[in-house]
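Please open the model in a viewer and keep the selection tool ready. The stops below go from one selection to the next.

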Amino acid sequence: MKGKTLSSSILAAAMLGSLLAGCTGSNEESAPSGDPAATTTDGGVDISKEVKLVYYLWGSEGVANKDILAEINKLLKRDINATLEIKYIDWPDVATKYPLLFASGEQFDMSHASPGAAVSYFSLAEQDALVDITDMLDKVAPKLKAEIPEAVWAGNKVDDKIYGVPSLYSEFTPTGYVYRQDLLKKYGMEKISTIEEMEQYMDNVVANESFTPINGNANDAFNMYRMLVDTTGKWINAPGISFAELNLVTDSPENFKKVIHPAFTQEFEDWAVKMREWSDKGYWPKDVLSSQVAGDVNFRAANAAGYLTHAQDWIGKYGSDVKAMPDVETGFYTFAEANQKIKRKMGVENSTVISANSKNPERALMAIEKFMTDPEYYNLIQYGIEGRQYVIEDGMKKTPAGFDDKKDGGGFAVWSLRNDKYNLPMDTENPIRSSLYEEWNKVAINDPYMGFSFDPKNVTTEIAAISNVNSQLGMQLMLGKTSKDPKTAVAEYREQLKAAGIDKVIAEVEAQLADFVPVQ
């Protein structure tokens with residue numbers, strides 16, 4: 001490794017947010033305990049000294065997390081003479097505190113990483129913020145290395161080196177519309193698989209129900225934008241502007257080195273006109289931009305006929321939907337499916353990494369191996385304590401009788417440690433997942449930008465200005481709430497994007513893509 005800090009450009013980007021307070025952890029080594037355990041592993045790793053590993057996770061701490069962690073630490077102490085301390089970055093703080101975790105120089109051991117995170121996995125690897133585990137795997141974690149196929153490891157390589165352990169969990173996350181099957185039948189419809197059928201369903205809701213087809217908040221502007229991108233030709237999301245707003249696209253996966261902003265197309269103008277029509281028809285409430293309640297919450301309260309989300313969220317919240325409306329089955333219209341643009345998630349998109357500032361990288365890798373290849377560890381960190389957080393009945397994970405969320409609730413956001421081999425089917429998860437994913441896997445495409453990390457240092461001012469334009473006029477256009485007619489508003493949006501520097505950003509993205517070769 002050439003260094004242990006991020007470049008000034010990434011540090012500067014991280015400092016745009018609030019400062020990370022209280023980052024003072026360290027990996028403490030203590031004298032060996034009195035246990036007569038072996039002092040070395042089969043691979044010759046010295047484990048005579050007990051060590052504490054610090055693991056940063058996203059999300060907040062559940063009420064029972066300390067109890068679950070105590071059980072995990074009994075296993076770690078027994079097997080690798082280590083204990084784990086988990087520190088949390090709460091969801092609202094991830095965009096600002098996660099980058100500073102690496103830029104601050106804090107000593108910690110493990111964290112989640114992804115190409116789509118506030119600082120990309122590939123950027124962290126290129127800036128020597130992560131430990132190169134390529135050679136370490138054979139000595140320290142041979143079972144883990146063998147468990148993960150070479151093609152999956154390849155997706156995590158940067159300059160032919162491995163800097164993270166990829167997830168082994170099958171997942172698809174295309175955006176779509178969740179709707180009620182009972183209402184569909186009531187209106188004499190069989191399915192929703194096109195925009196026209198979605199409109200027909202929503203027209204029927206407006207005409208016959210006391211609630212709206214969609215009842216979310218301003219975040220639905222981005223879902224409407226995703227619908228535009230996913231249903232338009234072969235458009236694919238491109239890097240340069242955050243995917244959490246109105247981002248850039250390429251007109252096809254094959255032409256991925258040429259990017260555009262959809263605002264300058266006829267398709268975008270037509271979509272803005274359609275969004276005004278949908279708004280005027282009452283497909284969502286007039287106060288959607290100021291609402292503080294999410295669409296799925298209103299849906300479960302019987303205040304909406306559907307909500308916008310991604311497939312895995314719909315599948316994972318099946319239990320919540322059933323609990324709220326036991327007699328209602330839901331369907332899911334996937335926007336990208338008709339144009340065959342469902343992208344398969346690659347392991348690198350949820351990876352576990354070891355900080356370059358870790359004092360005990362070998363022990364950290366051993367712990368990762370345990371979590372991903374040993375069912376005893378896997379069930380604890382993924383599901384909690386059997387009998388308290390979950391029970392297994394007929395091979396399915398269920399909530400125990402007497403479970404009290406105020407005392408027993410908890411869990412860890414450790415998607416990157418998931419492994420299909422040990423994953424338990426859950427009664428809270430839509431049973432369609434297996435068959436749906438099997439079908440999607442037959443037609444799914446790879447993201448042409450996988451492995452590419454955009455460096456924004458030359459256009460940070462422009463990106464910030466564009467984000468401001470998107471948060472105002474862009475969002476209004478996507479929800480049909482502009483003060484002017486949509487075509488005039490689109491012209492104004494284009495002018496504002498030009499003034500903010502969209503052409504400079506596009507040129508910078510294309511320059512960086514010139515020599516890029518996608519991960520296969």
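What follows is a tour of a predicted model, with a sheet, two helices, a pocket and two loop residues as its topics.

**Stop 1: the sheet**

Select strands 2, 1, 3, 12 and 6, in that order. These 5 strands form an open sheet of mixed pairing. At its edges are strand 2 (82-89) and strand 6 (164-166), each of which pairs on one side only. On average, and with direction ignored, neighbouring strands of this sheet are turned by 25 degrees against each other.

Now narrow the selection to strand 1 (residues 51-58) and strand 3 (residues 110-113). In which sense do these two strands pair? The pairing is parallel, over 2 bridges. For a residue to centre on, pick Tyr56, whose bridge partner in strand 3 is Ser111.

**Stop 2: helices across the sheet**

Keep the sheet on display and add helix 3 (residues 94-103). Helix 3 lies across strand 1, strand 2 and strand 3, and runs at about 130 degrees to strand 3.

Next add helix 15 (residues 361-373). Which strands does helix 15 lie across? They are strand 1, strand 2, strand 3, strand 6 and strand 12 (351-354). The angle of helix 15 to strand 12 is about 160 degrees.

**Stop 3: the second largest pocket**

Select Gln382, Gly410, Gly411, Phe412 and Met426 to find the pocket. Of the 35 residues that line the second largest pocket, these five lie nearest its centre. The space in this pocket is about 1,100 Å³.

To see where the lining comes from, colour strand 1, helix 13 (311-316), helix 16 (375-383) and helix 17 (405-408); each supplies at least two of the lining residues. Helix 13 gives the most, with 3 residues. Strand 1 thus returns here as part of the lining, having appeared in the sheet at the start.

Colouring the lining by class gives 15 polar, 12 nonpolar and 8 charged residues.

**Stop 4: two aspartates in loops**

Select Asp159, in the loop between strand 4 (157-158) and strand 5 (161-162). Its phi is near 55 degrees, a positive value in a residue other than glycine. Is Asp159 buried or exposed? Asp159 counts as exposed because its relative accessibility is 71%, and the cut-off for exposed is over 50%.

Finish at Asp394, which sits in the loop between strand 13 (391-393) and strand 14 (396-398). Phi of Asp394 is also positive, near 55 degrees, and this residue too is not a glycine. With 81% relative accessibility, Asp394 counts as exposed.

Technical notes:
Residues are numbered from 1 along each chain as its sequence is written. This is a predicted model: local features need pLDDT of at least 70, side-chain atom pairs count only at pLDDT 80 or more; totals for chains, interfaces and linings use all residues. Side-chain values use heavy atoms; hydrogens and water are left out. Helices (H or I, at least four residues) and strands (E, at least two) are DSSP runs, numbered from the N terminus. Buried means under 20% relative accessible area, exposed over 50%, partly exposed in between (1.4 Å probe, protein chains only). Two strands pair if DSSP finds at least two bridges between them. Axes are lines fitted to C-alpha atoms, for helices over the stretch in contact, and angles run from 0 to 180 degrees between N-to-C directions. Contact means heavy atoms within 4.5 Å. On a 1 Å grid over the protein atoms alone, a cavity is a set of points where a 1.4 Å probe fits but cannot get out, and a pocket is an open set with protein on both sides within 12 Å along at least five of seven lines; lining residues have an atom within 4 Å of a point. Grid points are joined across faces, edges and corners, and a volume is the space filled by probe spheres set on the points. Ala, Val, Leu, Ile, Met, Phe, Trp, Tyr, Cys and Pro count as nonpolar, Asp, Glu, Lys and Arg as charged, and the others, Gly among them, as polar.
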